[in-house]
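Let's take a friendly walk through a protein model. Have a look at the picture, then read on.

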Amino acid sequence: MSPDYTTPGSVRSAAELNDRIRALWRRAGGSLSAQERVEYELLVVEWATAIRGEVVEAA
């Protein structure tokens, strides 16, 4: 697994994760390879977790 992947409970913000997702799509030119798809899916799951955490903290 790539060193860019994090373990559950990441402390990256939703904004940082969103930036990483956008950068991945830019690098891929709009078409993800199988490896990029795995990275994308992990980032989206982490982003969703971060969003839920930020909403709970803000409430």
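## Helices first

A helix here is a DSSP run of type H or I with at least four residues, and helices are numbered from the N terminus. With that in mind, we can place Thr49: this residue is found in helix H2. Keep in mind as you explore that this is a predicted model.

Is Thr49 buried or exposed? Neither label fits, because its relative accessible area is 43%, and values between 20% and 50% count as partly exposed. Along the sequence, Thr49 is 35 residues away from Ala14, yet in space their C-alpha atoms are 8.3 Å apart.

## The nonpolar core

Ala14 also belongs to the largest nonpolar core, which has eight residues. Its other members are Leu17, Ile21, Leu24, Ala28, Leu32, Leu43 and Ala50. Helix H1 (14-28) and helix H2 (34-58) each provide at least two of the core residues, and H1 gives the largest share, with five. In soluble globular proteins, nonpolar side chains tend to be buried together.

Which residues does Leu32 touch, apart from its neighbours within four places in sequence? Leu32 is in contact with Leu24, Trp25, Arg37 and Tyr40.

## An aromatic pair

Searching the whole structure turns up one aromatic pair. Its partners are Trp25 and Tyr40: the ring centres are 5.5 Å apart and the planes meet at 80°, so the pair is edge-to-face. Because Trp25 sits in helix H1 and Tyr40 in helix H2, the pair ties together parts that are 15 residues apart in sequence.

Both rings belong to partly exposed residues: Trp25 has a relative accessibility of 29%, and Tyr40 has a relative accessible area of 22%.

Conventions. Residues numbered from 1 in each chain as written. Predicted model: local features only at pLDDT ≥ 70, side-chain atom pairs only at ≥ 80, totals over all residues. Heavy atoms only, no water. Core = buried A, V, L, I, M, F, W, Y, C linked by side-chain atoms within 4.5 Å. Buried < 20%, exposed > 50% of the residue type's maximum accessible area, 1.4 Å probe, protein only. Contact = heavy atoms within 4.5 Å. Phe/Tyr/Trp six-rings, centres within 6.5 Å; stacked < 30°, edge-to-face > 60°.
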